[in-house]
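Got your viewer open and a selection box ready? Load the model below and we'll walk through it stop by stop.

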Amino acid sequence: MFILKNAWISIKRNKGRNILIGIIILIIACACTITLAIKNTAVDLIDSYKNAYDKEVTISFNRANMMKDFDPSQAEGRENARERFDNIESFTISDVESFSDSEYIESYYYTYSVGLNGNNIEKAEIESNNTMPNGFGRGKQNNLSSTDFTLTGYSSLDAMSEFINGTYTMNEITDNAWDIAFDGNYVFINQELADYNNLKLNDKIKLEDDDGKTYEFEIIGIFKENEEGSSDVMSMFSNSANTLVTNASVVANITASNEEINATINPTFIIDSYDNVEKLQAEFYEKGLDENFVLQTNEEIALSGVSSIQNINSFATTFLVITLIIGGIVLFVINMINIRERKYEIGVLRTIGISKFKLTMQFVSELVIVSVVALILGACIGAVSSKGVSNSLLESEINSSNERTEEIGKNFGGANMNGGMLDHGNRGDVRGKGMPVVEAYDSIDAVVDIKVLLELLGIGLTLVLISSIASMVSIQRFSPLTILKERS
Amino acid sequence: MANKVKNNKEMKEKNNSSHNIILSIKNASYRYSDAEENDYALRDISFDFESGKMYAIRGRSGTGKTTLLSLISGLERCTEGEIIFDGKSLNSMNLDKYRNSDIGIVFQSYNLLPFMTASENIILSMDANGLKIKNKKEKAIELMEKVGLKETYADRKVLRLSGGEQQRVAIARSLSYNPKMIIADEPTGNLDKQTETEILEIFKKLAHEENKCVIIVTHSQNVCDTVDVIYDLKKTKEEKK
């Protein structure tokens with residue numbers, strides 16, 4: 001009580017100095033509140049993005065491993081490389097299922113492709129341009145380029161990355177397309193192929209394998225490939241002109257009925273954390289994955305969408321640190337001057353028997369009282385000021401997310417996607433599968449919350465303690481008799 | 001060690017009734033931490049101080065008067081020897097508590113806080129002591145009246161008081177928790193003859209009427225004429241040599 005009473009008397013007596021200290025702390029508090037609010041909002045958004053994107057792992061060639069010892073200048077070296085490539089043991093659906101049985105994997109999906117020839121339709125071709133999707137075939141590595149068409153089966157909606165990322169956009173679609181797409185011999189075909197063969201929705205088409213066995217499909221959707229998705233600028237048709245999209249079980253049935261047919265599989269595993277990728281890769285090798293394959297993640301892609309927010313976060317952190325350093329130094333200097341001015345007072349108080357501890361606590365209390373008032377005011381001003389900045393940031397991110405969601409909806413033909421789609425092989429919701437879903441913060445409470453206030457309090461008290469070091473050290477070192485003799 | 005005791009009739013009777021040693025300095029020496037090995041500011045001093053008596057410690061500059069004052073007022077500790085207060089060694093006592101409850105200190109330059117009023121300075125000392133009384137201001141005014149200051153001075157900033165008045169406030173402050181001993185460092189050094197006499201009269205009353213031990217470090221002959229016992233620090237040092 002004595003400490004607080006004296007501290008309060010001292011604050012009232014030194015109004016000018018305490019107002020100066022208060023203003024400095026107010027500015028620091030204000031800046032801290034705004035930066036902490038922005039920083040926390042940015043971190044929330046980054047987390048939101050990270051969580052919205054599935055953490056995906058795909059299997060790709062370890063080109064560096066395959067090309068080691070490769071000398072392109074020697075024919076023998078080229079031959080060896082080709083032989084090594086041909087001998088790579090690929091993997092099958094049962095391998096993928098085995099890989100997926102891991103504690104690090106939450107779910108998985110895949111695309112399964114097979115090459116077939118036309119029976120009652122013709123390949124869209126002026127010149128040879130059929131490009132097969134990258135993938136790993138059954139048995140030894142092989143390609144499907146000798147056939148007219150590629151039938152690509154998706155194991156689930158998640159696997160339809162071309163539609164999710166906008167490479168393919170649905171032009172026409174039957175009303176019940178998404179209800180039956182994964183249940184039978186239904187296909188989506190390219191608009192160019194439809195135009196070339198004069199095909200329309202609900203038409204039946206026939207394809208055949210090398211043995212002449214025919215397979216009938218019903219067209220339930222017609223898609224187009226966006227120009228930027230087409231890599232062959234010299235071709236009249238897009239890359240996917242002769243690609244027919246169906247479900248994986250259709251392709252599996254075809255490959256089951258003809259063991260000689262060439263097929264490729266591209267699995268994608270959804271993992272719990274990017275930190276476990278190395279462990280997962282080691283587990284895959286143990287389960288028989290050829291060491292010429294490596295695992296790749298989509299972490300870079302997932303974070304690329306929040307690079308601007310990460311920049312804001314970095315800026316806010318830097319600004320916060322600079323503010324605290326400058327503020328801390330200024331407060332320390334003011335306290336040093338304060339102690340020098342009050343040396344006589346310290347001498348008198350020590351002489352009449354006030355302990356060093358009580359005296360130190362009095363000086364710290366003075367600073368704490370002024371700081372708490374300034375911190376409260378600073379937090380209020382900061383909260384009001386940060387509202388505009390943070391909400392503007394949030395609004396732009398929400399708009400961006402909404403636009404993205406709408407765009408994906410359009411890519412799927414604008415049909416009602418909710419409740420009618422497959423979720424990793426089961427029916428589910430297209431939202432949240434491989435695309436960002438950002439939580440919409442629309443209240444200021446979400447910006448300057450209890451976390452920000454606690455952080456601000458922590459920063460404020462740390463600053464007070466650091467700047468109080470001057471008084472603490474001085475009080476310990478001062479000899480009351482020396483002070484009073486100097487005064488005399 | 002040579003010391004000079006001035007007896008008077010009145011005191012003789014009092015001393016006979018109370019040979020009560022309140023403070024005893026036993027072979028005390030003090031050397032500053034940065035001084036050479038044999039360079040003592042004060043060496044092998046032994047004095048006794050009794051309650052109800054007024055003492056003067058006299059000496060020329062550099063004889064260690066202020067050092068001795070800082071030792072007996074608990075602002076420093078002896079480097080050798082010890083000081084016993086009321087049966088307890090200062091070496092083992094909490095000196096902050098000793099200063100704010102057992103002794104009162106009065107300085108030549110008063111050492112009041114200039115931004116406070118007279119009564120606030122006295123109340124501050126009560127607070128430092130942890131004194132629990134209902135009306136501290138009333139008690140402060142009572143003390144001020146005891147040292148010859150009117151109630152109207154209570155709310156005046158000390159800088160608006162004369163030197164003599166400030167010294168009275170300082171004495172009132174030193175009495176605020178009723179200590180057993182008053183230690184004064186040249187308390188009349190800045191005062192005129194008349195005021196000096198009045199201040200000394202207050203000290204005399206405290207010693208003789210309230211049975212306090214009053215120790216005054218001084219150069220003043222007037223003070224030496226007033227006290228009961230004089231310890232001559234210079235002679236002490238010379239004798240030791």
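The tour starts with chain A, moves to the contact between the chains, and ends in chain B.

First, some housekeeping. This is a predicted model, so expect cut-offs: local features need pLDDT of at least 70, side-chain atom pairs count only at pLDDT 80 or more, and totals for chains, interfaces and linings use all residues. Residues are numbered from 1 along each chain as its sequence is written, while chains are lettered from A and ligands numbered from 1 in the order in which they are written.

**Stop 1: chain A as a whole**

Select chain A and colour by secondary structure. You should find 16 helices and 13 strands; these are DSSP runs numbered from the N terminus, H or I of at least four residues for helices and E of at least two for strands. Of its 488 residues, 40% count as buried. Buried here is 20 or more other C-beta atoms within 10 Å of the residue's own, exposed is 12 or fewer, and partly exposed is in between, with C-beta atoms placed from the backbone. Now for contacts, meaning C-beta atoms, placed from the backbone, within 7 Å: among those in chain A between residues at least 6 apart in sequence, 86% join residues at least 24 apart.

**Stop 2: strand 2 of chain A and its partners**

Select residues 105-118 of chain A, which make up strand 2. Which strands does strand 2 pair with? Two strands pair if DSSP finds at least two bridges between them, and you can step through these:

- Strand 10 (residues 263-271) of chain A runs antiparallel to strand 2, with nine bridges; look for A:Ser107 opposite A:Ile270.
- Strand 4 (residues 149-154) of chain A is joined to strand 2 by six bridges, also in the antiparallel sense; A:Leu116 sits opposite A:Phe149 there.
- Strand 7 (residues 204-208) of chain A adds two antiparallel bridges to strand 2, with A:Gly118 facing A:Leu207.

**Stop 3: A:Ile270 and strand 1**

Zoom in on A:Ile270, in strand 10 of chain A. Is A:Ile270 buried or exposed? Neither label fits: A:Ile270 is partly exposed because it has 19 C-beta neighbours inside 10 Å. Leaving out residues up to four places away in sequence, A:Ile270 touches A:Asp54, A:Lys55, A:Glu56, A:Ile105, A:Glu106, A:Ser107 and A:Tyr108. Try a distance label too: A:Ile270 and A:Thr58 are 212 residues apart in sequence, but C-alpha to C-alpha they are 9.1 Å apart in space.

Next, pick strand 1 (residues 56-61) of chain A, which is joined to strand 10 by three antiparallel bridges. A:Thr58 stands opposite A:Thr268 in that pairing. Strand 1 also runs antiparallel to strand 11 (residues 293-297) of chain A over five bridges, where A:Phe61 has A:Phe293 as its bridge partner.

**Stop 4: where the chains meet**

Show both chains. The contact takes 14 residues from chain A and 16 residues from chain B. On the chain B side, helix 3 (95-102) and helix 4 (118-129) are the elements giving two or more residues, and helix 3 has the largest share, with four.

**Stop 5: helix 4 of chain B**

Keep helix 4 of chain B selected and add helix 6 (residues 163-174) of chain B. The two pack at about 25°, their axes 8 Å apart (axes are lines fitted to C-alpha atoms, for helices over the stretch in contact, and angles run from 0 to 180 degrees between N-to-C directions). Helix 4 and helix 6 of chain B are therefore roughly parallel. For their contact, show B:Ala118, B:Asn121, B:Ile122 and B:Ser125 in helix 4 against B:Val169, B:Ala172 and B:Arg173 in helix 6.

Swap in helix 5 (residues 136-146) of chain B, and the angle with helix 4 is about 110°, with axes 9 Å apart. So helix 4 and helix 5 of chain B are roughly perpendicular. (Under 35 degrees counts as roughly parallel, over 145 as roughly antiparallel, 65 to 115 as roughly perpendicular and the rest as oblique.)

**Stop 6: the sheet in chain B**

Finally, select the open sheet of four strands in chain B, with order 3-2-5-6 and antiparallel pairing. Its edges are strand 3 (42-50) and strand 6 (88-89) of chain B, each pairing on one side only. Two bridges link strand 6 to strand 5 (residues 80-85) of chain B, and B:Ile84 stands opposite B:Ser89.

Key:
Two residues are in contact if their C-beta atoms, placed from the backbone, lie within 7 Å.
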